[in-house]
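Colleague: Got a minute to walk me through this one? I'd like to start with a sheet.
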Amino acid sequence: MSVLTRDEAQTRAKLLDVHRYTIALDLTTGDETFASETVIGFTARGDRDITDTFVELKPAELRGATLDGHPLDPETLHENRLPLTGLTAGEHELRIDAVMRYSRTGEGMHRFTDPSDGESYVYTQLFMDDVQRVFAAFDQPDLKAVFDLSVKAPDGWSVLANGVTEHLGEGRWRAATTPLISTYLVAVAAGPWHSVRTEHRGLPFGIHCRRSLAPYLDPDADEIFEITKQCYDRYHEKFEEPYPFDSYDQAFVPEFNAGAMENPGLVTFRDEFVYRSAVTDTERQTRAMVIAHEMAHMWFGDLVTLRWWDDIWLNESFAEYMGYQTLTEATRFTDTWVDFGVMRKGWGYDADQRPSTHPVAPEDVPDTASALLNFDGISYAKGASALRQLVHWLGEKDFLAGINTHFARHRFGNATLADFIDSLASATERDVHAWADAWLRTTGVDTLRPVVTRGEEATYTLRVEHEGSRPHRIAVGLYDQDVADEDRHLVLRDRLDLDVPQAEPLPIGKRPALLLLNDGDLSYAKVRFDTESFKAVTESLCGLPSPLTRAVVWNSLRDAVRDGELPPAAYLETARAHLPHETDLALVQGVLAFAAGYVADRYVTPEERPAALSLLTSLCRDLIRRTEDGDNPGLRLIAVRHCINVAAHPDTIAAWLADGTVPGGPELDPELRWRVLARLAVLGETDEAAIAAELERDPSASGQEGAARCRAALPTEEAKARAWEAMFTHDDLSNYLFTATAQGFWQPEQADLVRQYVPRYYEDAVALAARRGPAIADAAGRWAFPDYAIDEDNLALGKACLTDANPIPSLRRKLTDQLDDLGRALRVRGA
């Protein structure tokens, strides 16, 4: 397939104005393909006598094409490009009649049949260049047009789209004409949806899911609508431009590759956000944040759209920042930045320290394949952190003034980073251009280290050693021991503002027990402790008054482990000492996830791992005992989940499964039952008969994934061979079933059993990615990688693959990241 280059896009944008797409889809032609008819009205500009260009599509069959009534030869379609030659200046009409394939990988028009009831659903995910899998298009973000869409659907189906849809009878549906939008933002979702509808400020709102999920959506409908309305109202207080579309639907769709997609008027979410099992309030907060994030895109991304994919960070960083900030301001979730600090920022820090790092605003994005690689922790978490630092430095009033200028200047159009910075600069006297160069055009994570010096009369000054190049405006927290408190809690004495690099040492008065840089987490940098402060952290971390402060401390400890400056065992001991007293669910979840998934699974040696699992088991049991009174079911749920994950012996969790409950609660819902069974499979304490029985009990899509995960985790040669063949030989696993199988396959406890598959992985993954494309390549690189083979042989095999095997870009990026993480794990073990 030919990928679109920036040069080609710029050339085509100079040649064409695209006005209107009229699209007719027929979804009644079978389970494998659908019919797609497209009429495109466009103008060839008059500065050339004759113009040659191309339109993109990826059909199963191109049945016919005409340009201004004259037939085009379908045989001229090469890969995904149909040439349009000899265009004269003026108006033109292109007609395309094609048959398109449904996808099982979450790309293009994905088709899913629900194993619970046999009902089928389809939905589009057209991001980057996947619109070509659904209809013919001049597929680049700066050729915006209006879209008229009609759909023929099976009886009993309803059709959702970017605008309000009308049922015309006999399965025919028509969507309202859209305003000017980019091709990648067109959306269709069709099937026997369960829908809940309301109105807000005269606008129709709807939420939709599979029929089998209706019993789980309905109890949460009021909460979802409340969050949606609160965010909608808050954005209208922030933004002068009103919501630009005619309705607001949110569809929870199956086997979705991302968290959500910001299609104008029809946001699609992965339907794991319709909770079949118990969840914590932090997980509800995450769902709310995604709702807020996607709604922010209606203005930044949909109303004003990037010109080329080098500015994708503008979409994602803005929505990420606005999502967390608006949730904090407008909803009951008032501590969202704690979750961002302990979960999302680590994603950014990790990505920014790998060889694949790139600036937040990269200048070199030559084609769509390169652009796809930038959907990472840098474009989301680092970019949002940069914007949070910008708001702190600029002031929110001036920041919002600049944003509103940007919307007014570029509404329903396209804009670049330069346009964005110019809009901000119009609202302030500060040098925003210099700030952008320092923050958005550079790579890597700065490190800040405190140097405390004693002066006269036992007073002290602070100087910050700054490793890096960015300016930072941070807060410095000074904490003293509360000597009257037998638990010796830390009390905030003062919080001082500091610009780094600093002009002169900062007076801090008497020596604090803890000096914390970047208190409040308003900048993006790794921070370290002086000796006295580290001692206070190890003794009194849980006694810090603010969860956001504790998040900064835990992140510092996490970074120190990854950098080889803090032994993994010391991190585990700190967690053992302080996590039983933690009250913030996001912190408990984040610390346990790192302690189990990285420290115990990768950073300690195989000989040290049993002790690490024992410590984490003891910690989780403490949390379970602490929550016996039922006052904190979310904390108890987190503890139970992690107790299952780190169980080294089967007896306790097997008894839970047999009884259907944890003593004192909770009862084992489907998620917990599959979690226990997967751990028992790893430990060799269950079998195929038990898995089949559980699948009969829960035949849902989630149950199918749970069964695939368990079967791949069974510690037998036969089970591993079947799982490997399913992943790498047969190409019929959907994206979700592939991921579930991969998650079960590699286990630290089974290193000897699967050792033979480590060299096979690289050859098979390269071939699979080439056959099945970017989505499966991403899953193969992320989930099927042998990341528990922490040894030099695996590292050498991976490097040879990158050098010799020429994996497609999405797999190459994932392998580059995984191998860097593998090398880091080896260095941590060595340190």
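Modeller: Sure! There is an open sheet of four strands in the order β26-β23-β22-β28, with mixed pairing. Strands here are DSSP runs of E with at least two residues, helices are runs of H or I with at least four, and both are numbered from the N terminus. Two strands pair if DSSP finds at least two bridges between them.

Colleague: Which strands stand at the edges?
Modeller: β26 (506–509) and β28 (526–527) do; each has a single partner strand, so one side of each is left without a neighbour in the sheet.

Colleague: Before we go on, what sort of model is this?
Modeller: It is a predicted model: local features need pLDDT of at least 70, side-chain atom pairs count only at pLDDT 80 or more, and totals for chains, interfaces and linings use all residues. Residues are numbered from 1 along each chain as its sequence is written, and side-chain values use heavy atoms, with hydrogens and water left out.

Colleague: Thanks. How many bridges join β22 and β23?
Modeller: Eight: β22 (residues 447–454) and β23 (residues 460–467) pair in the antiparallel sense. R449 stands opposite E465 in β23.

Colleague: And the eight-stranded sheet, what's its order?
Modeller: That open sheet runs β5-β4-β7-β2-β1-β10-β13-β12, again with mixed pairing. Its edge strands, β5 (70–71) and β12 (165–169), each pair on one side only. Inside that order, β2 (residues 33–44) and β7 (residues 90–101) pair in the antiparallel sense over twelve bridges, and T43 stands opposite E91 in β7.

Colleague: Switching to helices: how do α18 and α19 cross?
Modeller: The axes of α18 (residues 651–659) and α19 (residues 670–682) come within 10 Å and cross at roughly 140°. That makes α18 oblique to α19; angles under 35 degrees count as roughly parallel, over 145 as roughly antiparallel, 65 to 115 as roughly perpendicular and the rest as oblique. The axes are lines fitted to C-alpha atoms over the stretch in contact, with angles from 0 to 180 degrees between N-to-C directions.

Colleague: Which residues make the contact?
Modeller: I653, A654 and L657 of α18 meet R673, V676, L677, R679 and L680 of α19, where contact means heavy atoms within 4.5 Å.

Colleague: What about G664, buried or exposed?
Modeller: G664 lies in the loop between α18 and α19. At 75% relative accessibility it counts as exposed (buried is under 20% relative accessible area, exposed over 50%, partly exposed in between, with a 1.4 Å probe and protein chains only). The C-alpha atoms of G664 and T627 are separated by 9.3 Å, with these positions 37 residues apart along the chain.
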